[in-house]
Amino acid sequence: MSGNIQLLSDTLAGARAEGRAALIAYLPAGFPTVDGGIEAIKAAFDGGADVVEVGLPHSDPVLDGPVIQTADDIALRGGVKIADVMRTVRETYEATGKPVLVMTYWNPIDRYGVERFTAELAEAGGAGCILPDLPVQESALWREHAEKHALATVFVVAPSSKDARLAEITAAGSGFVYAASLMGVTGTRESVGAQAQDLVERTRAAGAGTDLPVCVGLGVSNAAQAAEVAGFADGVIVGSAFVKRMLDAPDDKAGVDGVRALAGELAKGVRRQV
């Protein structure tokens, strides 16, 4: 079975055709349990997310702030495995027909085996991977297998990224580019800031001719911020705010309901004129 990179591309293009940014939600697999995580991701889609990133919990998540680290720790203590991540992708894709990505650090894939990981992700209906710590110059093996299985390779760029680096990443990447709005780890912020808009503009200029969408993450937590980012980006990525709704909820059902409600608020935000 081939992966769903085309579904991802069509979804982002569809949002653009509607004159809005796409809403991309992030939730880790296995949090609070494998079944509970699947229900939460379905709820994000129900609420209005266009795409969901499924986090592969990692013991040393260098990009992630305390909220996502807490969720990862809960998932890891619950015994989550890569097989559970694949099951999460499969069941959410089959239930919704919408694009599901995996966000993971490189070490788990390297240990699992690139061919095995890409084949299983494609078979599960996955659309691709976001790889925040895989240097583009060391990505040839991954990209070969991802392309073979019709999976997107999403690289992360930051405000510190030089223009030459941005050109290299936009040439090698597929699906979209993940633009980290600021230096630092994930988490909610009072303001997303002007850095993000500058980074989007520089990334688009570097990738002129590729038409690769640029989606912004790190710091977006409410409808007003989503509307602000939607004014200049192709997609708005929200993670910590969803995870926090789950962590703060008195029980799993309330957490799932909170995820659905937040997705609804953010979906209105990305559709608002700014």
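**Cysteine environment and the pairing of strand β9**

C215 is buried, with a relative accessible area of 0%. In this predicted model, C129 is likewise buried, and its relative accessible area is 0%. A search of the whole structure returned 0 disulfides. A disulfide is a covalent bond between the sulfur atoms of two cysteines. For C215, the closest cysteine sulfur is that of C129, at 16 Å, which is too far for a bond. The closest cysteine sulfur to that of C129 is in turn the one in C215, and the distance of 16 Å is again too far for a bond. The cut-off applied to a pair of cysteine sulfur atoms is 2.5 Å, and therefore C129 and C215, with sulfurs 16 Å apart, are not counted as a disulfide.

Strand β8 comprises residues 214–217 and runs parallel to β9, to which 2 bridges join it. Within this pairing, V216 has V236 of β9 as its bridge partner. The connection from β8 to β9 passes through helix α10 (residues 223–230), forming a β-α-β crossover that is right-handed.

Strand β9 also pairs with strand β1 (residues 22–28); these strands run parallel and are joined by 4 bridges. In this pairing, A22 stands opposite G235 of β9. Strand β9 itself spans residues 235–238, with G235 and I237 pointing one way and V236 and V238 pointing the other way. All four of these residues, G235, V236, I237 and V238, are buried.

Definitions and conventions
Residues numbered from 1 in each chain as written. Predicted model: local features only at pLDDT ≥ 70, side-chain atom pairs only at ≥ 80, totals over all residues. Heavy atoms only, no water. Buried < 20%, exposed > 50% of the residue type's maximum accessible area, 1.4 Å probe, protein only. Pairing = 2+ DSSP bridges. Right-handed = clockwise from strand over helix to strand, strands pointing away.
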